[in-house]
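This report describes the fold of one protein chain for a reader at the start of structural study. Please keep the sequence and the structure in view while reading.

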Amino acid sequence: MTNTDGADKDVDNVIRIMVSTDNHLGYLGSDSIRGEDSFVAFEEMLQLAVSEDVDMILLGGDLFHDAVPNQYTLHKCLELLRRYTFGDKPVSLEILSDQSRCFYNAVNESVNYEDPNLNISLPVFSIHGNHDDPSGFGRLSSLDLLSTAGCVNYYGRWTDLTKLEISPVLLRKGESHLALYGLSHIPDQRLSRLFEEFKVTMQYHTEKSTDQSAEDEESNWFHLMVVHQNRADRGRKRYLPEELLPSFLNLVIWGHEHDCRIEPELNVKRDFYVTQPGSSVPTSLAEGESIKKHVGLLEIYKNKFQLKPLPLKTVRPFIFESINLNDMATELGLDEGDAKTKVKKFAREKIEEMIERSKDRLTGHPKQPEIPLIRLRLLYSDESYMFNTIRFGQEYSSRVANPADIIYFKKLNKHSKAATINLDKEAMKKALEMENTTRVEELVDRYFDEAQGQRPLKLLHSKALAEITFRLVERHDANAADNIVKFYRDKAVDHLMDALPDDENIDIELENFRHQHNHEDLLKMLDARGVKKETIVPKNEANKTAASVANTSTRTAATAPARGRGTRGRTAAVVKPQLDVSIETSATRSSGRKQTLLSAVGRNSRSKVASYVISDDSD
């Protein structure tokens with residue numbers, strides 16, 4: 001890693017941090033086999049922090065599995081923190097920031113190691129995740145309780161979701177300066193809306209010392225951020241794109257994602273590194289959870305860093321395997337005879353093999369559980385392959401930690417070429433050659449009239465598709481397709497429920513539905529339910545005089561729908577601004593200088609960025 005070389009380091013100037021995320025204390029606490037797994041792994045992390053003589057522990061959220069942990073979970077957590085983080089050893093970190101701003105919810109509004117009533121030897125800093133976020137009366141998190149008890153420095157908490165101002169905790173050890181940012185979990189859609197509305201501000205610290213130039217001082221600051229959000233792209237507004245984070249960061253520690261990807265990965269667009277330690281205990285039987293668990297030892301010297309992965313040796317062995325039964329059909333002879341019995345025999349042999357393989361993951365640590373987690377995912381398309389997985393798992397009740405869900409059947413979707421609907425090029429050609437076709441909806445209607453013989457519509461009328469096109473193109477009604485298709489579907493379901501046809505006669509009954517209900521009648525019924533036809537001011541009318549607008553408003557006010565996104569689309573003169581988030585600098589806040597978080601997205605546009613995908617769909 002190029003960011004870590006070229007520094008003569010010594011112990012008095014290097015900030016050493018133990019990094020861990022998603023500990024999920026209390027997960028399956030009532031399970032007689034797996035109930036202690038989360039605490040065993042958490043204690044190992046604390047032991048590593050002590051043995052490595054780190055200056056602090058940094059947690060990335062989801063310390064607890066439940067927002068309101070039970071008494072045993074809280075007691076066990078407090079016991080472990082007091083045992084490993086309290087003591088007479090002096091803390092070498094000096095805090096420089098306004099502590100009342102960083103730790104406003106603490107009893108003394110300061111870090112715990114500066115509290116004269118406490119004896120802290122190893123400070124713990126933590127944000128909250130989605131499992132231990134503030135809830136209930138007073139909007140308190142379980143981390144608030146640990147903060148009040150003096151065990152954890154809880155930072156990065158949000159209180160006002162109309163805007164988000166992120167200020168760093170400023171720490172110093174010798175020649176190294178650390179600006180520690182924290183973004184506790186916020187629902188992804190809400191966070192996305194804050195970014196879109198330019199309500200996310202991050203303070204960029206550029207404080208100048210008396211004996212250094214601004215450039216020298218700024219180069220000595222290491223900007224570290226901890227976040228707890230979706231990193232994998234799960235759809236628009238359902239994750240936090242890395243590119244939205246500011247380019248002045250050096251390293252981002254990403255919590256919430258359980259796959260262990262602890263080796264720092266360079267984001268070439270923003271020029272910072274991202275490390276994803278993953279969870280310390282598997283909370284689902286997904287493939288990503290079977291990756292070996294780690295915590296990290298982070299060393300910072302001025303603006304350089306080094307991250308050393310430390311494998312956890314007390315984690316229960318977990319073996320995951322996925323097999324497509326369709327690929328095994330010939331080998332197992334599933335096309336003839338009792339396929340279910342053959343699949344069960346194959347699964348039994350595979351499970352035995354996986355149990356044997358799990359022994360390779362035993363580390364010899366005295367506290368590591370020896371009974372493994374085993375997950376065999378069988379992909380199928382023929383339901384005759386399936387068998388009772390619960391009864392099957394009972395055979396392994398003493399040999400596997402999860403006997404009830406060893407086997408997971410997942411059905412494959414069939415995609416045949418015959419089912420693929422392609423564009424009828426001849427019908428499209430004829431529709432385009434017709435005269436007087438000036439509107440898109442007319443083209444759609446004529447295309448389906450021409451293609452009706454070979455590719456007939458089973459439910460919708462062709463005029464329904466033309467109406468959808470008209471409302472989308474001319475009226476900018478983004479809800480048109482949803483409203484019309486849903487109404488057709490509901491009416492067709494009502495018709496089928498009244499007729500109750502046999503399975504083989506469903507297509508015939510749908511054809512009867514199309515003949516009994518013409519498009520005009522269905523559209524009138526839909527409009528009568530509240531989705532009215534509307535008159536929209538065309539784009540070329542947007543700049544007319546106020547008097548002209550007043551004349552058209554009498555037509556639009558009575559008919560425009562009051563719900564949905566369609567109302568936004570009708571204001572053609574409104575242009576959505578480019579996404580922009582302000583970065584506030586401590587040195588230039590008064591001058592109003594701002595840096596756009598997306599200003600560097602265009603840089604290195606030709607560079608390849610490592611894609612991130614969801615490794616598996618958890619159960």
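## Strand 13 and its partners

Strand 11 (residues 251–255) and strand 13 run parallel and are joined by three bridges. Helices (H or I, at least four residues) and strands (E, at least two) are DSSP runs, numbered from the N terminus, and two strands pair if DSSP finds at least two bridges between them. The structure is a predicted model, in which local features need pLDDT of at least 70 and side-chain atom pairs count only at pLDDT 80 or more, whereas totals for chains, interfaces and linings use all residues. Residues are numbered from 1 along each chain as its sequence is written, and side-chain values use heavy atoms, with hydrogens and water left out.

Within the pairing of strand 11 with strand 13, Val274 of strand 13 is the bridge partner of Val252. Strand 13 also pairs with strand 12 (residues 261–267), here in the antiparallel sense and through four bridges. In this second pairing, Gln276 of strand 13 is the bridge partner of Arg261.

Strand 13 itself covers residues 272–276, and five of its five residues are buried. Buried means under 20% relative accessible area, exposed means over 50%, and partly exposed lies in between (1.4 Å probe, protein chains only). In a regular strand the side chains alternate between the two faces of the sheet. In strand 13, Phe272, Val274 and Gln276 point one way, while Tyr273 and Thr275 point the other way.

Strands 12 and 13 form a hairpin with four residues between them.

## Three loop residues

Most residues other than glycine have a negative phi, and most peptide bonds are trans. Asp271, in the turn of the hairpin, has a positive phi of about 60 degrees although it is not a glycine. A positive phi of about 60 degrees is also found for Asp62, likewise not a glycine. The table places these two residues beside a further loop residue, Asn326.

| Residue | Loop | Relative accessible area |
|---|---|---|
| Asp62 | between strand 2 (56–59) and helix 2 (71–85) | 1%, buried |
| Asp271 | between strand 12 and strand 13 | 55%, exposed |
| Asn326 | between strand 16 and helix 7 (329–332) | 30%, partly exposed |

Which residues does Asn326 touch, not counting residues up to four places away in sequence? They are Leu379, Ser381, Tyr385 and Leu412, where contact means heavy atoms within 4.5 Å. Asn326 and Leu379 are 53 residues apart along the chain, and their C-alpha atoms are separated by 7.7 Å.

## Two open sheets

Strand 16, which borders the loop of Asn326, belongs to an open sheet of three strands in the order 16-17-18, with parallel pairing. Strand 16 (318–324) and strand 18 (407–411) each have a single partner strand, so one side of each is left without a neighbour in the sheet. On average, and with direction ignored, neighbouring strands of this sheet are turned by 15 degrees against each other. Five bridges connect strand 17 (residues 373–380) with strand 18 in the parallel sense, and Arg377 stands opposite Tyr408 in strand 18.

Another open sheet contains six strands in the order 5-4-2-1-14-15, and its pairing is mixed. Its edges are strand 5 (153–154) and strand 15 (304–311), each with a single partner strand, so one side of each has no neighbour in the sheet. Strand 5 pairs with strand 4 (residues 124–126) in the parallel sense over two bridges. There, Ser126 stands opposite Tyr154 in strand 5.

## A helix pair

Two packed helices are described by the angle between their axes and the distance between the axes. Helix 13 (residues 480–499) packs against helix 15 (residues 519–528) at an angle of about 105 degrees, with the axes 11 Å apart. Helix 13 is therefore roughly perpendicular to helix 15, a term that applies to angles of 65 to 115 degrees. Axes are lines fitted to C-alpha atoms, for helices over the stretch in contact, and angles run from 0 to 180 degrees between N-to-C directions.

From helix 13, Asn483, Ile484, Phe487, Tyr488 and Lys491 meet His519, Leu522, Met525 and Leu526 of helix 15. By class, this contact has six nonpolar, two polar and one charged residues. Ala, Val, Leu, Ile, Met, Phe, Trp, Tyr, Cys and Pro count as nonpolar, Asp, Glu, Lys and Arg as charged, and the others, Gly among them, as polar.

## The chain as a whole

The protein chain has 17 helices and 20 strands. Of its 619 residues, 47% are buried. Among contacts with a separation of 6 or more, 73% are between residues 24 or more positions apart.

How values were computed:
Parallel < 35°, antiparallel > 145°, perpendicular 65-115°, else oblique.
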